[in-house]
Amino acid sequence: MRVATLSFKSIIVMLTFFSCTSAYAVAKDVCLSPGLVKSMLSRFNITAMDDAGKETKKYTEADKCDKDAFKKTLLALDQIKTVSSQKIKNAPDEKSIDFFAFINEKVKKIILMPDSSSLCGFNEGGAVLDPEKPDKIIRLCILNGKMPVSQLATIIVHETRHMDGYKHVKCSHGLYKTLSFPECDVSFEEQGSHAYALSYMMKLHNTLKDKDDKFRVRALIAQSVEYSFNNVPFGLKKGGLMLDSKNRLLFFDGNDISVVNEFNDKITSFVLNLGYPLVLHQNGSIQAYTFSEKWNFVAGPLSDNYQKLVMVPTY
């Protein structure tokens, strides 16, 4: 078994996954701005339809105080527009896709489907039907109103990419391998629906300021990387982290051990905090790896409380 030096950027630390429930949260009692509703409805025809194919609702500007599906759809589209306008240096996927312009070109009608629809089966977020492609129609599954705005935005990006003819293949591993229908992309490089969704989540992650929101989106990114591609993107590896007696943080992928970082002083413990690896120094300081170029020292309540613990005298 070899011990090599490894860049942390090639590691996925797998955690429990959460939906982005607070990222771009929905305040149910607040009406949408008339300007937003007018702007989006000038671009997209949005309707609701039952499983029998009967149109049950055609949304208009009068629905600005809708509390559920229509509201979330417009907020998701507005999020895509906002995220697309952000300029990010050194984007992790090296893409600069204007997702809103892409959707605006490819989609003219959005049909909101009930969760009881036959098209909304195993965690399906939406669908593009081949006969409806000439009319630029996508369908979205509104799962009991529980789908967060950020997840719905990602699904809109994903389904829109299907308009260009990209289809999924059977999964060769992971969570979706046992499914009877294709659910994976071969690779990120072919730039199918999962790749576009992943690129959108990466850009969204870079625009968020709240650390809890960033953690939830990063967890969805890790889930997509692990399960959505038969060839894992970006040369990433799945494994675990551990601290050894030489004050080194190590990564084990099941076969090989690699050195992530070696510290010059005594490290008492290693923990994960909101997805970030933290090392606790014996001298009372804390450093975190936040997926940038270096380990940063942590300030604030976490560091203050840790210093109080290590400074407690023993008798």
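This tour proceeds through the sheet, the helices packed on it, a hairpin and the disulfides of the structure. The model is predicted.

**The open sheet**

Begin by selecting strands S3 to S7. Five strands form an open sheet in the order S4-S3-S5-S7-S6, with mixed pairing. Strand S4 (55–58) and strand S6 (126–127) stand at the edges; each has a single partner strand, so one side of each is left without a neighbour in the sheet.

Next, restrict the selection to strand S3 (residues 45–49) and strand S5 (residues 109–114). These two strands run parallel and are joined by four bridges. To locate the register, display Thr47, which stands opposite Ile111 in S5.

**Helices across the sheet**

Add helix H2 (residues 69–84) to the view. Helix H2 lies across S3, S5 and strand S7 (137–142), and runs at about 135° to S5. Then select helix H4 (residues 149–162), which lies across S6 and S7 and runs at about 150° to S7.

**The contact of H1 with H2**

Keep H2 and bring in helix H1 (residues 34–43). The two helices pack at an angle of about 85°, their axes being 11 Å apart. That angle makes H1 roughly perpendicular to H2.

Which residues in H1 meet H2? Show the side chains of Leu36, Val37, Ser39, Met40, Leu41 and Arg43; their counterparts in H2 are Phe70, Leu74, Leu77, Asp78 and Lys81. The residues of this contact divide into seven nonpolar, one polar and three charged.

**The hairpin of S8 and S9**

Move to strand S8 (residues 237–243) and strand S9 (residues 248–252), which pair in the antiparallel sense over four bridges. Leu243 stands opposite Leu249 in S9. Four residues lie between the strands of this hairpin, and Asn247 takes a positive phi near 60°.

**The disulfides**

Finally, select the bonded cysteines: the structure holds three disulfides. Numbered in sequence order along the protein chain, the bonded cysteines pair 1-2, 3-4, 5-6.

*Cys31 and Cys65.* The sulfur atoms of this disulfide are 1.8 Å apart. The link of Cys31 and Cys65 is right-handed, with 105° about the S-S bond. The pair links distant parts of the chain, 34 residues apart: Cys31 is in the loop between strand S2 (11–13) and H1, and Cys65 is in the loop between S4 and H2. Are these cysteines buried or partly exposed? Cys31 counts as partly exposed because its relative accessibility is 37%, and Cys65 is partly exposed with a relative accessible area of 35%.

*Cys120 and Cys141.* Here the sulfur atoms are 2.1 Å apart. The link of Cys120 and Cys141 is left-handed, with -90° about the S-S bond. Cys120 lies in the loop between S5 and S6 and Cys141 in strand S7, so the pair ties together parts that are 21 residues apart in sequence. Cys120 counts as buried at 7% relative accessibility, and Cys141 is buried with a relative accessible area of 1%.

*Cys171 and Cys184.* A disulfide joins these cysteines with an S to S distance of 2.0 Å. The torsion about the S-S bond of Cys171 and Cys184 is about 100°, so the disulfide is right-handed. Both Cys171 and Cys184 are in the loop between H4 and helix H5 (193–207), 13 residues apart. Cys171 counts as buried at 7% relative accessibility, and Cys184 is buried with a relative accessible area of 0%.

Methods:
Residues numbered from 1 in each chain as written. Predicted model: local features only at pLDDT ≥ 70, side-chain atom pairs only at ≥ 80, totals over all residues. Heavy atoms only, no water. Axes fitted to C-alpha atoms, helices over the stretch in contact; angles between N-to-C directions. Parallel < 35°, antiparallel > 145°, perpendicular 65-115°, else oblique. Contact = heavy atoms within 4.5 Å. Nonpolar A, V, L, I, M, F, W, Y, C, P; charged D, E, K, R; others polar. Pairing = 2+ DSSP bridges. Disulfide = S-S within 2.5 Å. Buried < 20%, exposed > 50% of the residue type's maximum accessible area, 1.4 Å probe, protein only.
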